[in-house]
Amino acid sequence: MIAVLAPLTACLTALVGLTAWTTAGAAGTPAHIEVGIGQVFMPYADKQRTAAFFRISNTGGSGDQLLSVTSPAAEGAMLSRHESSGGADSMRMVTSAEIPAGSVVRMTPSTLDVMMTVKGRWQVGDAVPFVLHFRHSGPVRTVAFVVRPGSGKGSHASQG
């Protein structure tokens, strides 16, 4: 009887492990990340701080993580998440952002964005180069066009 229990236990353990692995998104096709052309708010009132927003889609079968964003036209770029609790709004810096398999994440001022300090002077319509760095997919190059804050661009979408 014990001789039968050992292989049976091993099979059940393997089945549970494979189920957990699949459920966690580790099985299936790798992440396939695409980053759309972004938008970056033009700094105002002689401020050098601003925010950029991108649409990130993952058509792969596994999740990925956005780890950082860089640009030769900005410094100190950090991922920032807007939070609302008890009527008070706040921003907090985050070390990464999940990009689940089969999803689209739309960065907005009220969800996730990239906060940075501008190098030089930008004008509305300027194309600013960015590189988004993902855990599994590696770096993805894109551009963001400078827009006026509140122009309606980059402020309507939500994560989903």
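A residue counts as buried when its relative accessible area is under 20%. Thr 142, at 11% relative accessibility, therefore counts as buried. The model on screen is predicted, and the tour starts from this threonine after a look at the whole chain.

**Whole chain**

Show the protein as a cartoon. Its secondary structure comes to one helix and twelve strands, and the helix comes before the strands when the elements are read from the N terminus. Of the 160 residues, 36% are buried. Among contacts with a separation of 6 or more, 71% are between residues 24 or more positions apart. With a surface displayed, the accessible area comes to about 9200 Å², and carbon and sulfur atoms hold 61% of that.

Now colour by pLDDT. The mean for the protein is 84, and 76% of the residues reach 70 or more. Among the elements, strand β4 (residues 55–58) has the highest mean, 98, and helix α1 (residues 2–23) the lowest, 58. Select residues 153–160 as well: pLDDT stays under 50 there, and the model has 20 contacts beyond four places in sequence for this stretch. Where pLDDT is low, the predicted coordinates should not be read in detail.

**Stop 1: Thr 142**

Select Thr 142, which is placed in strand β12 (residues 138–147). A polar atom of the Thr 142 side chain lies 3.3 Å from the backbone oxygen of Gly 36. Expand the selection to the residues that Thr 142 touches, leaving out those up to four places away in sequence: Val 35, Gly 36, Ile 37, Phe 54, Val 128, Pro 129, Phe 130 and Leu 132. Several of these names come back at the next stops.

**Stop 2: Phe 54 and Phe 130**

Keep the two phenylalanines from that list and show their rings. A search of the whole structure finds two aromatic pairs. One of them is Phe 54 with Phe 130, an edge-to-face pair with 5.2 Å centre to centre and 75° between the planes. Phe 54 is in the loop between β3 and β4, while Phe 130 is in strand β11 (residues 127–134), so the pair ties together parts 76 residues apart in sequence. Phe 54 has a relative accessible area of 2% and is buried. Phe 130 also counts as buried, at 2% relative accessibility.

**Stop 3: Val 128**

Move along to Val 128, which lies in strand β11. Val 128 is buried, with a relative accessible area of 2%. Which residues does Val 128 touch, not counting those up to four places away in sequence? They are Val 40, Ser 71, Ala 73, Trp 122, Thr 142, Val 143, Ala 144 and Val 146. Follow the contact to Ser 71: the two residues are 57 apart in sequence, and their C-alpha atoms are 7.7 Å apart in space.

**Stop 4: Ser 71**

Select Ser 71 in the loop between β5 (64–70) and β6 (74–85). Is Ser 71 buried or exposed? Ser 71 counts as buried, at 10% relative accessibility. Draw two distances from its side chain. One runs to the backbone nitrogen of Ala 73, at 3.1 Å. The other joins a polar atom of the Ser 71 side chain to the backbone oxygen of Pro 129, at 2.6 Å. Beyond four places in sequence, Ser 71 touches Val 128, Pro 129 and Phe 130.

**Stop 5: Asp 126**

Go back to the loop between β10 and β11 and pick Asp 126. With a relative accessible area of 28%, Asp 126 is partly exposed. The side chain of Asp 126 reaches the backbone nitrogen of Gln 123 at 2.7 Å. Apart from neighbours within four places in sequence, Asp 126 is in contact with Arg 121, Ala 144, Phe 145 and Val 146. For a further distance, select Gln 39: its C-alpha atom is separated by 10.0 Å from that of Asp 126, and the two residues are 87 apart along the chain.

**Stop 6: Strand β10**

End on strand β10 (residues 112–118), where six of the seven residues are buried. Show strand β3 (residues 49–53) next: four bridges join β3 to β10, and the two run antiparallel. Within this pairing, Arg 49 has Thr 117 as its bridge partner in β10. Then show β6, which is joined to β10 by six bridges, again antiparallel. Select Met 78 to see the residue that stands opposite Met 115 in β10.

Methods
Residues numbered from 1 in each chain as written. Predicted model: local features only at pLDDT ≥ 70, side-chain atom pairs only at ≥ 80, totals over all residues. Heavy atoms only, no water. Buried < 20%, exposed > 50% of the residue type's maximum accessible area, 1.4 Å probe, protein only. Polar contact = N/O pair within 3.5 Å; in protein donor to acceptor, adjacent residues only side chain to side chain. Contact = heavy atoms within 4.5 Å. pLDDT = per-residue confidence, 0-100. Pairing = 2+ DSSP bridges. Phe/Tyr/Trp six-rings, centres within 6.5 Å; stacked < 30°, edge-to-face > 60°. Areas by Shrake-Rupley, 256 points an atom, 1.4 Å probe, with all protein chains shown as cover.
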